[in-house]
Amino acid sequence: MSNRTMPHPRTVIAAALAMLGGAAGAVAAGAPVLQLPLACDIGRNCFIQTYVDADPSPLARDYMCGARAQDGHNGTDFRLPSMAAQRDGVDVLAAADGRVLRQRDGMADAPVAGSDHSAVQNTECGNGLVIDHGGGWETQYCHLAKGSLRLKPGEMVKAGQPVGRVGLSGLSQYPHVHFTVRHGGRIIDPFAHDAPPGSCGAGASLWAPALQPGLAYRPRAIINHGFASGPVTMQMVEEAGAGQAPDGADAAALVAYIRAIGLQAGDIQLLTVKDPSGRVIAENRAKPMERNQAQTLLYSGRKRPQDGWRPGLYQASYRVTRDGAVVLEQDFSVELREQP
């Protein structure tokens with residue numbers, strides 16, 4: 001099984017800059033060394049959805065000059081793969097030692113759909129808190145679960161200490177933590193501290209050195225994949241990871257699905273399903289993406305044959321190509337057992 005994003009040239013540049021001077025730059029500025037603000041394994045059960053917007057114009061670009069930002073976005077969004085993961089409970093952690101300045105709790109965990117933000121006007125952060133790290137440095141944590149905050153203003157906190165749980169409060173459409181860093185009231189991108197305006201991949205990383213390989217920039221990522229025994233919708237994937245997985249040769253259908261984030265205009269997706277003999281039984285070749293997409297769901301499958309499914313291992317192969325080169329891929333499988 002693989003889940004591989006092909007290296008992006010700017011990723012290599014950023015890694016080199018971090019090795020040469022990133023940590024030194026952070027120390028010289030007196031910035032805190034940041035730990036991951038979630039109790040999760042980045043890239044496996046939590047993902048970066050959106051970065052800080054580095055473009056002052058109405059356009060948007062992330063610190064690598066990529067498309068993983070939204071206009072005016074002032075933080076980094078760390079998301080969970082589904083609401084089921086949120087219901088299981090994932091701790092939000094203090095990114096560095098400090099003192100709680102202020103907090104809010106009691107707002108409902110209810111997704112805000114469409115463009116109607118009136119229900120959360122002036123409370124877009126939802127349940128959250130701000131931690132003072134000294135020297136003018138602050139971190140803010142938004143969209144925490146109702147009733148989960150554990151600290152009051154004035155209390156001291158250590159790096160890695162749980163401060164609440166991931167929720168869906170405020171202006172949020174999926175379970176995530178909006179994590180913001182400020183210095184002297186100014187927004188700081190923790191991936192590109194003191195980057196010159198208009199640069200790509202410059203600046204210093206404020207993340208602890210051990211975290212930086214896992215936090216390396218990825219233009220695209222896969223957050224859900226698997227098989228279902230019936231139709232699959234984005235809502236189903238968001239709610240529980242998808243429908244019931246088929247496990248027997250009498251399954252009503254066999255549907256492979258995959259959800260990706262960060263796909264770009266011109267990307268082409270292909271999802272193929274093969275039976276135990278290696279024969280292609282379903283294939284979905286999507287049209288080239290017309291525009292950049294925050295998230296995309298692709299599925300491919302077929303109904304049960306009249307004589308039932310052949311027991312064995314069914315394999316799915318997902319490829320995203322751009323200008324003829326593979327830029328994202330994932331292989332996964334499911335075994336259908338003969339029913340007793």
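**Pockets, cores and a buried glutamine**

Helix 3 contributes more residues than any other element to the lining of the largest pocket, namely four. Helices (H or I, at least four residues) and strands (E, at least two) are DSSP runs numbered from the N terminus. The model is a predicted one, in which local features need pLDDT of at least 70, side-chain atom pairs count only at pLDDT 80 or more, and totals for chains, interfaces and linings use all residues. Residues are numbered from 1 along each chain as its sequence is written, and side-chain values use heavy atoms, with hydrogens and water left out.

In all, 34 residues line the largest pocket, and L171, S172, Q173, Y174 and H176 lie nearest its centre. Besides helix 3 (234-240), the elements giving two or more residues to this lining are strand 2 (47-50), strand 3 (76-79), strand 7 and strand 10.

Turning to the interior, the largest nonpolar core has 40 residues, with L34, L38, F78, L129, Y141, F179 and L215 making the most contacts inside it. Such a core is a set of buried Ala, Val, Leu, Ile, Met, Phe, Trp, Tyr and Cys residues joined through side-chain atoms within 4.5 Å; buried means under 20% relative accessible area, exposed over 50%, and partly exposed in between (1.4 Å probe, protein chains only). Strand 6 (127-134), strand 7 (137-144) and strand 10 (176-183) each give two or more residues to this core. Another core, of 26 residues, lies apart from it and includes V273, M289, Y318 and V334.

Q264, in the loop between strand 13 (253-261) and strand 14 (268-274), is buried because its relative accessible area is 18%.

How values were computed: On a 1 Å grid over the protein atoms alone, a cavity is a set of points where a 1.4 Å probe fits but cannot get out, and a pocket is an open set with protein on both sides within 12 Å along at least five of seven lines; lining residues have an atom within 4 Å of a point.
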